[in-house]
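I opened this notebook to record what I looked up in the model, going from a single pairing outwards to the whole chain. The entries are in the order in which I made them.

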Amino acid sequence: MENRDNVKGIAARVAMWSARHRALAILGWVAFVIATVALSSQVSTEKANYALAGHGESGKADRIVEEAGFPKQPAGEMVLIQNRSGSDRVTAAEEVTRALSTTADVGEVQPPIQSADGRSTLITFEIEGDQATASERVGPALDAVAGVQAAHPDLYIAEAGDGSGDKLIGDELEAGLTRLSLLSIPVTLGILLVAFGAVVAALLPVALAVMSVVAAIGLMAVASRFAPTVDETTHVMLLIGLAVGVDYCLFYIRRERDERRKGADPHRALMIAAQTSGRSIWVSGLTVMIAMAGMFITRDVVFVSFATGTILVVATAVLGSLTVLPALLSALGDRVDAVKIPGLYRRNSEGRFWNGLLKLVLAKPLISALVAVAALGAIAAPALNLETKGQRIQDVAPDSQVVQAYVAIGEAFPSKTTPARIVVTGDPVRNADFDRALAGLKSAAAASDGKLVEPIDVDVNPAGTVAVVSVGLSGNADDAAAVDALNLLRDRVVPDTFGPAALVTGVTAESVDYNVRLEESLPWVFAFVLGLAFVLLLISFRSVVVALTGVVLNLLSVAAAYGMLVWVFQYGNLEKQLDFVAAGAITNWMPLFLFVILFGLSMDYHVFVVSRIREGHDRGLPIREAVREGIGRTAGVITSAAVVMVAVFALFATLPLIATKELGVGLAAAVLLDATIIRAVLLPAVMTLLGRANWWLPRGLRWLPEIAHEPPPAPAPAPARELTPTP
């Protein structure tokens, strides 16, 4: 497709249209962002219902319970009283009961119960009102319990439960997200000021990235009608949107400025940037969205929400980069370099260090490739021992009193924190057979060597058709002991007592079934992402080798990120520096999510760099010279883009949740390795070794469309010059 500017491709054609109609493009973009904000204020965002979103046996059981019409339960709270020096707990228990009974928003306080070992007393009560907002009303109860603790320093008295847990998570996350919002944009802007050396050029990417995130969040309100959202989606959209949006603008602006410095007039400089960097943005944006779409295969509510949110934010970032950015550059002209910063503004962006390293790599490509692969292999090696776990309250502020109390209650009263729930149906459900089965369950629990723990509680819905029988499991959440107890319950005890139609759910069961679902979907997600990414690269570069190389290099990047995660969070390195307590495993959804995110983001650099190398090849340069020119001229912008991504991702490692720390560290480490070892060493070494084979395309695929990488010829350029503002 050609137009009167002699440019080819959708990205260049859109950019040239925006440059010719810049007022319409700029106002249209502003109107689009405002419209999405207005839309989200009118259309409420649909939140995911976790009770209807489970997998396997536990998911089926949860849906039966959700639809059975059980009364809405208020938030439950627990107070643990334990001996520290042989003190009497009876008086303290009476004081706790009395204090809570006169506290606002506290429902009926249950009589104290004793633990099997005689060391602990537990008092349970409820926070009146809606469970979802109990965190707003639990404060007085926490203060009342703290008062009793102060009066009895010889005892351990602490509270934990639904409301106090939600309050802890909410307070910690709010503080972390406030810190993140205060730091992310200034840090990004600071990096861009150093990269560009000019205020206006640095402000453009940040402004467009923020507007892209705002627009995408607005669109998410509508998309949630088809893919209900989870709370973490907005944080992920900010993470990806800020990094990708800044990078896309950075690629575009850098290329336009470089062409101006070579002597191209403003129109031609913009046209070249549109046909080269614009095309790279288009291709890498599609690749990122394809990778994100792989999460739909899991059919999990969290992954579907993440996929929808990230696809929307990447799509809006691509849209802004290809439409309003060319219009702004056309309107600003050389004024994009306005307000230069002394000492930072430079005539070119070619990094001396990277060009020196590149010279060494091209001189010894085989040795360089072997060293790079060995380094990546060493970093990735811990991934061979990767273990996963479900998210737990211990993942938030493990030193907090609420978390420590919750853990202590789980050890003393396992049936009160993460019990298994047996779902039995019947019409009516409570009959003689049910009573015999319940007696059999109690006998089996007594003979289970502590794997199944009493008390055993029964709750029946108002219609009398569904009963939920709760029994404690040994162990904690989804550790080996809890899983072993669950297997005993599912495989032997429940079928022998309540029959094969009864279903088992609960925290441990949900975690086990979730892991099974992930294991089943993982090969399909990998095949989908790798296959479509290969096809997209094949079409873009008309080379089987380039497509295959891109896939392999990105897999190395992902493997290295896995290795770093295991080394840090599973092995427990950097615990003090990152403020976490290692649990011997990685959050169960992290490996799949990191794979799709990293595979997509790695394509930013790969497409951008290989496009510049292909430009040299299309001009007839030998492969070594094409690699030298392509990587040498992109070294500065790749470094700047990588620093932005690493900085933004690293900020997420400061949030209190271990999952967000893993996300931040994994992404930051992968991008850093990708921009250094992989793009600066391994890619040029491999392409140099392959030589002409880089561009091999079988005869049977030569029908693929020709895609221009080299801008149209231009008159002989004028000597390089400094940019000066236009009047």
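Entry 1, strand pairing. Before reading any partners I fixed the term: two strands are taken to pair if DSSP finds at least two bridges between them. I also note at the outset that the model is predicted.

I then asked which residue of β9 is the bridge partner of Val423. I found that Leu503 is the partner of Val423 in that strand. Looking at the strands as a whole, I see that β6, residues 420-425, runs antiparallel to β9 and is joined to β9 by four bridges.

Entry 2, the sheet. I followed the pairing further and came to an open sheet of four strands, which I read in the order β7-β8-β6-β9, with antiparallel pairing. I wanted to know why one side of β7 and of β9 is left without a neighbour in the sheet. The reason is that β7 (452-460) and β9 (503-506) stand at the edges, and each of them therefore has a single partner strand. For the twist I noted an average of 25 degrees from one strand to the next.

Entry 3, helices across the sheet. I looked up what lies across these strands and recorded two helices. Helix α3, residues 56-66, lies across β6, β8 (466-473) and β9, and runs at about 85 degrees to β9. Helix α18, residues 507-541, also lies across β6, β8 and β9, and for this helix I noted an angle of about 100 degrees to β9.

Entry 4, Ile191. I turned next to Ile191, which I located in helix α6, residues 162-196. Is Ile191 buried or exposed? Its relative accessible area is 17%, and since buried means under 20%, I entered Ile191 as buried. Leaving aside residues up to four places away in sequence, I listed Ser640, Val643, Val644 and Ala647 as the residues that Ile191 touches. For Val644 I also noted the separation from Ile191, which is 453 residues in sequence but 6.5 Å in space, C-alpha to C-alpha.

Entry 5, the whole chain. I closed with the overall figures, beginning with 23 helices and ten strands in the protein chain. The radius of gyration is 30 Å, which agrees with the value near 27 Å that a compact globule of 727 residues would have. Along the principal axes, the C-alpha atoms fill a box of roughly 95 × 55 × 50 Å. I noted that 54% of the 727 residues count as buried. Among contacts with a separation of 6 or more, I recorded that 78% come from residues 24 or more positions apart. The chain exposes about 29,600 Å², of which carbon and sulfur atoms supply 61%.

Methods:
Residues are numbered from 1 along each chain as its sequence is written. This is a predicted model: local features need pLDDT of at least 70, side-chain atom pairs count only at pLDDT 80 or more; totals for chains, interfaces and linings use all residues. Side-chain values use heavy atoms; hydrogens and water are left out. Axes are lines fitted to C-alpha atoms, for helices over the stretch in contact, and angles run from 0 to 180 degrees between N-to-C directions. Contact means heavy atoms within 4.5 Å. Buried means under 20% relative accessible area, exposed over 50%, partly exposed in between (1.4 Å probe, protein chains only). The radius of gyration is taken over C-alpha atoms; the globule rule is 2.2 Å times the number of residues to the power 0.38. Accessible areas come from the Shrake-Rupley method with a 1.4 Å probe; for residues, only the protein chains shown count as cover.
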